[in-house]
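I opened this one with my coffee still warm and a short list of things to look up. Here are my notes, entry by entry.

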Amino acid sequence: MGWQIYRHDVLMGSSSDSWLIGLLGALDPLMEAYNESLTHDRKFYAQDINGSIAWARANKNAGILTEEEFKEIARGFGIVEDEWDSNEFQIKPGVDEDIHTANERRLGEVIGQDIAGKLHTGRSRNDQIATDLRLWVRDQLRDIQDHLEHLLQAIISRAEVEIEFIMPGYTHLQRAQPVRWSHWLLSYGFFFAADFKRLKNVIDDLNICPLGSGALSGNVFGVDREAIGRELGFMGLCWNSMNAVSDRDFLLETMSWGSRFMGHVSRIAMDLCIYSSQESGFVKLSDAYSTGSSLMPQKKNPDALELLRGKSGQMHGLLSGFTTTLNSLPSCYNKDMQEGTSSIITTISLLSDSTQILTGVLTTLTVQPAAMRRALEPSMLATELADYLVKKGVPFRETHHISGKVVALAEAQGKGMDELGVAELKVVDQRFGDDVVAACFDQEAAVEKRTAKGGTARESVREQIEVLRQLLRTGDMPPWKVFSSS
């Protein structure tokens, strides 16, 4: 007889849970629930069915199935998939442990076990779930690619239409220099453009076929794995069967990409929280992405932005958690890996929703250019004074010190720098000419001086817009100009 383990409360005579667990006995109901994954991996039903049809075709070509048996399996799976699509699939608790057993059980009911029982020949759930995961994540990431493209299009459109709006640029949350609103938008556009390029690499890297690797040692029936991979749209093969069933790095890479992307999302969300506050008033959020207070009717809370910021923390936690799960696992498949299923499903949902929410926020907000203008302080033009003297041959370190003296003078007199006269400026330094006020104290002119590539001048911003457009047209963009060796 096999050994048996009795629960402590049973041994003590409790009648609340009068059951036992053992190798030859029934599975602990709690363990049954703890072990099942259908709650999560049911989302993979279409990928599991497509993989099973490809597997059946490979077995037919290897002589394991007849042509008629293959056609019956394909027909049966068509019925099963229709049931999933219409939400009519009947799950059998205690029988359907995961999506693989559920689909195969139902297939047997539709076409009979004599044929359905041949489907799993040479296949393991180890390579089956690895295949399902790669197919599902690939499909979902392609959808997220589309959402990210829409986000970039929203940024490009606003940057082009609202290119004349000038606002304070900030460092350390302090007003620093005037910039175009479009320039600020595009700063995040290039963060998301880099994310867009990296996402393509993530998709390409995971798009390799593990099916046909068996439990760990490969397939004995000589199935054509390359034909299987081509049918399922993979770009290549997992070349080692032990690696194929144990590799979940593609989930980590997806989560790592998501963690970096959500870091960028959290930053633009933080900026927009500040810009939409009453203290700034640079933008007004649409009612579709904000709420009122339950107590204070005058408040309009940036809920969407705060949730985006908060979700970034959840994304970082998912990456950290699953990294820890995989750490120090022995080779080949281990049940710990099942935890990756719920983690990647949550990851995909979070990334998809967040990208669409951020696109909605950016598409519907209203810019307040007058408020931006009012926030442009004269002291933000201190660098213009330094640059003015540099053009007269004064070393920058000296001009920086001189412009600091002008700032101090204006503060001491309780006025803006632009209210200082030429005579007062010449007291600070005789090298200031009669044209200094006109040359330095114009916010628009200060912006337009930044003509170098990547700057905030109008034409520089337009060039940045075109670079992002090129990314959307071709899937790539020049990170910099290619210099000739000469």
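**Entry 1: the C-terminal-numbered pair**

I began with glutamate 466, which is partly exposed because its relative accessible area is 36%. A reminder to myself before going on: this is a predicted model. Glutamate 466 makes a salt bridge with arginine 473, and their closest N and O atoms are 2.7 Å apart. Is arginine 473 buried or exposed? I found it exposed, at 55% relative accessibility.

**Entry 2: other salt bridges**

How many salt bridges does the structure hold? I noted 37. As general background, side chains of opposite charge can pair when their charged atoms come close.

I looked up lysine 60 next, and its partner is glutamate 67, with 3.3 Å between the closest N and O atoms. Glutamate 67 has a relative accessible area of 34%, so I wrote it down as partly exposed.

Then I turned to arginine 180 and glutamate 164, whose side chains meet in a salt bridge at 3.8 Å, N to O. Arginine 180 sits in strand S4 and glutamate 164 in the loop between helix H8 (125–161) and S3, so this pair ties together parts that are 16 residues apart in sequence. I checked the cover on both partners. Arginine 180 is buried, since its relative accessible area is 0%, while glutamate 164 is partly exposed at 39%. Buried here means under 20% and exposed means over 50%, so 39% falls in between.

I also found a network of salt bridges, which links Glu83, Lys92, Asp96, Arg105, Arg106 and Glu109.

**Entry 3: the largest pocket**

Rolling a probe the size of a water molecule over the atoms shows where empty space is left. I went to the largest pocket and noted a volume of about 490 Å³. Its lining counts 26 residues, and those nearest the centre are Gly169, Tyr170, Thr171, Trp184 and Tyr275. Two or more lining residues come from each of these elements: strand S3 (166–171), strand S4 (174–180), helix H9 (181–206), helix H12 (249–275) and helix H20 (443–448).

Which element gives the largest share of the lining? That is S3, with five residues. I sorted the lining by class as well: 14 residues are nonpolar, nine are polar and three are charged.

**Entry 4: two positive phi values**

Most residues other than glycine have a negative phi, and I wrote down two that do not follow this. Leucine 173, not a glycine, has a positive phi of about 65 degrees. I located leucine 173 in the loop between S3 and S4, and it counts as exposed because its relative accessibility is 60%.

Serine 328 also has a positive phi, near 65 degrees. Where does serine 328 lie? I traced it to the loop between H13 and helix H14 (339–364). Its relative accessible area is 67%, so serine 328 is exposed.

**Entry 5: a nonpolar patch**

On the surface I looked up a nonpolar patch of about 360 Å², made by Leu27, Met31 and Tyr34. Tyrosine 34 belongs to helix H2 (residues 29–35). With 70% relative accessibility, tyrosine 34 counts as exposed.

**Entry 6: single residues and distances**

I placed leucine 318 in helix H13 (residues 303–326). Leucine 318 is buried because its relative accessible area is 15%, under the 20% cut-off. From C-alpha to C-alpha, leucine 318 is 16 Å from aspartate 353, with their positions 35 residues apart in sequence.

Alanine 386 lies in helix H16 (residues 382–390). Is alanine 386 buried or exposed? I have it as buried, at 2% relative accessibility. I also took its distance to leucine 211: the two are 175 residues apart along the chain, and their C-alpha atoms are separated by 66 Å.

Last came lysine 426, in helix H18 (residues 422–428). Its relative accessibility is 24%, so lysine 426 counts as partly exposed. Lysine 426 and valine 406 are 20 residues apart along the chain, and I noted 10.0 Å between their C-alpha atoms.

Notes:
Residues are numbered from 1 along each chain as its sequence is written. This is a predicted model: local features need pLDDT of at least 70, side-chain atom pairs count only at pLDDT 80 or more; totals for chains, interfaces and linings use all residues. Side-chain values use heavy atoms; hydrogens and water are left out. On a 1 Å grid over the protein atoms alone, a cavity is a set of points where a 1.4 Å probe fits but cannot get out, and a pocket is an open set with protein on both sides within 12 Å along at least five of seven lines; lining residues have an atom within 4 Å of a point. Grid points are joined across faces, edges and corners, and a volume is the space filled by probe spheres set on the points. Helices (H or I, at least four residues) and strands (E, at least two) are DSSP runs, numbered from the N terminus. Ala, Val, Leu, Ile, Met, Phe, Trp, Tyr, Cys and Pro count as nonpolar, Asp, Glu, Lys and Arg as charged, and the others, Gly among them, as polar. Patches are made of residues with over 30% relative accessible area and no salt bridge: like charges are joined within 9 Å, nonpolar side chains (Val, Leu, Ile, Met, Phe, Trp, Tyr) within 5 Å. Accessible areas come from the Shrake-Rupley method with a 1.4 Å probe; for residues, only the protein chains shown count as cover. A salt bridge is a side-chain nitrogen of Lys or Arg within 4 Å of a carboxyl oxygen of Asp or Glu. Buried means under 20% relative accessible area, exposed over 50%, partly exposed in between (1.4 Å probe, protein chains only).
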